[in-house]
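I set out to examine this model in my own order and to record each query as I made it. The entries below follow that order.

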Amino acid sequence: MSPAATEHVPQVSGRPVAGIEKEILAQLKAAFASKLTKAETVRDRLVHVFIDRRDLVPLCTYLKNTLGFEHLSCVTAVDWKDHFECVYHVENYYNGCMVEVHAHIPYDDPKIASLVPLWNAANFLEREMWDLMGIEFEGHPNLERILLPQDFKFHPLRKDFAQEVDRQYISRRKLKGGK
Amino acid sequence: MPEFWINMGPQHPMTHGLWNMKVKVDGETIVDARPEIGYLHRGYEKIMEVREFQKNVVLTDRLCYVSSITWSHAYCLAVEKMMGIEVPERGQWIRVVSLELQRLASHLMWLASYGPDLGLLTGLLWALRERELFLDLIQLMSGARMNQNYPRVGGVRNDLPENFEAMCKRSIEHFREKLNEYENIFHSSKVFLMRTEGVGRISAAEAIDWGVTGPNLRACGVNVDLRRLDSYETYEEIDFEPQVWHDGGAGDSYARFIVRFNELRESCKIVLQALEKMPKSGAYRVKPPRRAEGEGYAKTEDSRGEALFYVIGDGDDRPYRVKIRSPVFCTMAATPILLRGNKLADVVAILGSVDVCVGEMDK
């Protein structure tokens, strides 16, 4: 472990800052004006940002390095049948703000840039999404299946992966030959 | 000496569940590690897509059998955010009480398993004995010791029983005395200190970078407690102190132990305050709409870290997509950092202090 890494302890107050979501939204709009498909504040400490997949890395670099969003909480891939969407929950420990980045991915080319160079937390989270949803994260150091066996052929969270819905219930009376 | 890989798991007393820790050793020293998980994958996110919103609470209970209420509460909170409904005040207070009782039971289960990991068999017996106190309280409240199915979308299943406050106070009073005994057996044990101090260290910057959350992050000296930072339910009105390790030697197994241990005291405080401040009567549940459209997420301070649910509804009576963010899953990615450079015999002491729950990790 390098000594430089041990010294940096973020001095966080552990308390939220009121009205921070509007400030964050204004800064994001100023920096990425034309690239945001949609950007809005939803409730206290929550900002939604909709972008195309090619703007993901610049936006996240800005979030992490300039605005201090040091914690990547969650990576979610959603199958909308006509396109995919990758949702990143990025959190700021200094003011408690959460930015939800929605990246649009076309259905026939499920690829998006990996965020492992920015946050190591993306490593397992992206592997899981590759495993279950089949989104290819370009630049990931080790994109292997993580929860399912290595020789599994499908991506089960996709909507075209059928799931048995009807309950197959046979009553005890029927089992014994009754009606 | 040549380096080679050792499998610790999937069947190993250290693992507390079904997973495999591959460690690469050079003699006695660990040079690399690789967690292999997925043995317990049950496809929760897929199953939840064909069940109605309310029926999923049964499933989320089973995510982590040690701390069921915190998980089903996180799910209910996310669904409520999506539907845009507000839980009545008394319902919120009851939730706080149930969450903290569950946290106490969960931390005691961790303490019970961490003791034998280090050869302190008394720790197991004592902690499990006191865990029964809180399981009894939870049973009184919800009717079941484990997998309670207690939180509901829109509130909780039932009101608190009669005399619950008095019984709760009595149990906690008793438990606080016992905590002093624990301190004597753990903190003053020289063997315990030698096994935990200075091993399994992770720096604050690395912990944040790898997504370590909860008590493991606070043990690195970062003051992040979601009950404070992104307050939910009525935690804002409660006076409590997030447990953070401030002294030197942050981020080792000992710091993680102390932070979790002190959380036991803090949770006792929260339960007593909540019982006091709670309105004595009133509604504890609202009727949620049957169908919902939109999306919602909720993050809560689970016993093991940040639990996040992201729920999308498409206007049907069941979720279109549910994403579960498990704190242990992310902490597991950082375990190679904890292990590298330590001795093989310390693997148990380090991974025990992380508090692994395989059910939520593999989903």
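**Entry 1: a sheet in chain B.** I looked up the strand order first, bearing in mind that this is a predicted model. Chain B holds an open sheet of 3 strands in the order S6-S7-S8, and the pairing is antiparallel. I noted S6 and S8 of chain B as the edge strands, since each pairs on one side only. From one strand to the next, I read an average twist of 10°. In general, strands of a sheet pair through backbone hydrogen bonds, either parallel or antiparallel.

**Entry 2: one strand pair in detail.** How many bridges join S7(B) to S8(B)? I found 6 bridges between these antiparallel strands. I also looked up the partner of Leu308(B), and Arg325(B) in S8(B) stands opposite.

**Entry 3: a helix over the sheet.** I then checked what lies across these strands. Helix H3 of chain B, residues 68-83, lies across S6 and S7 of chain B. I recorded its direction as about 150° to S6(B).

**Entry 4: the contact between the chains.** Chain B brings 37 residues to the contact and chain A brings 35 residues. On the side of chain B that touches chain A, I found several elements that each supply at least two residues, among them strands S6 (293-302), S7 (305-314) and S8 (319-325), together with helix H12 (327-339). The strands of the sheet in Entry 1 therefore reappear here, as S6, S7 and S8 of chain B. Which element gives the most to this side of chain B? I identified H8(B), with 5 residues. By class, I listed 17 nonpolar, 7 polar and 13 charged residues on this side of chain B.**Entry 5: helix H3 of chain A.** I next asked which residues of this helix (residues 56-65) are buried. They are Leu56(A), Leu59(A), Cys60(A) and Leu63(A). Seen down the axis of H3(A), these buried residues fall within an arc of 90°, so they line one face of the helix. I noted the general background that an α-helix has 3.6 residues a turn, so residues three or four places apart point the same way. The buried residues of H3(A) pack against strands S2 (46-52), S4 (83-91), S5 (98-106) and S6 (111-113) of chain A.

**Entry 6: confidence in chain A.** I finished with the pLDDT values. Chain A averages 84, and 88% of the residues score at least 70. Among the elements of chain A, I found the highest mean pLDDT in S4(A), at 92, and the lowest in helix H1 (residues 3-7), at 47. Over residues 1-6 of chain A, pLDDT stays under 50, and the model has 6 contacts beyond four places in sequence for this stretch.

Notes
Residues are numbered from 1 along each chain as its sequence is written. Chains are lettered from A and ligands numbered from 1 in the order in which they are written. This is a predicted model: local features need pLDDT of at least 70, side-chain atom pairs count only at pLDDT 80 or more; totals for chains, interfaces and linings use all residues. Two residues are in contact if their C-beta atoms, placed from the backbone, lie within 7 Å. Helices (H or I, at least four residues) and strands (E, at least two) are DSSP runs, numbered from the N terminus. Ala, Val, Leu, Ile, Met, Phe, Trp, Tyr, Cys and Pro count as nonpolar, Asp, Glu, Lys and Arg as charged, and the others, Gly among them, as polar. A residue is buried if 20 or more other C-beta atoms lie within 10 Å of its own, exposed if 12 or fewer, and partly exposed in between; C-beta atoms are placed from the backbone. The arc is that of the directions from the helix axis to the C-beta atoms. Two strands pair if DSSP finds at least two bridges between them. Axes are lines fitted to C-alpha atoms, for helices over the stretch in contact, and angles run from 0 to 180 degrees between N-to-C directions. pLDDT is the predictor's confidence in each residue, from 0 to 100.
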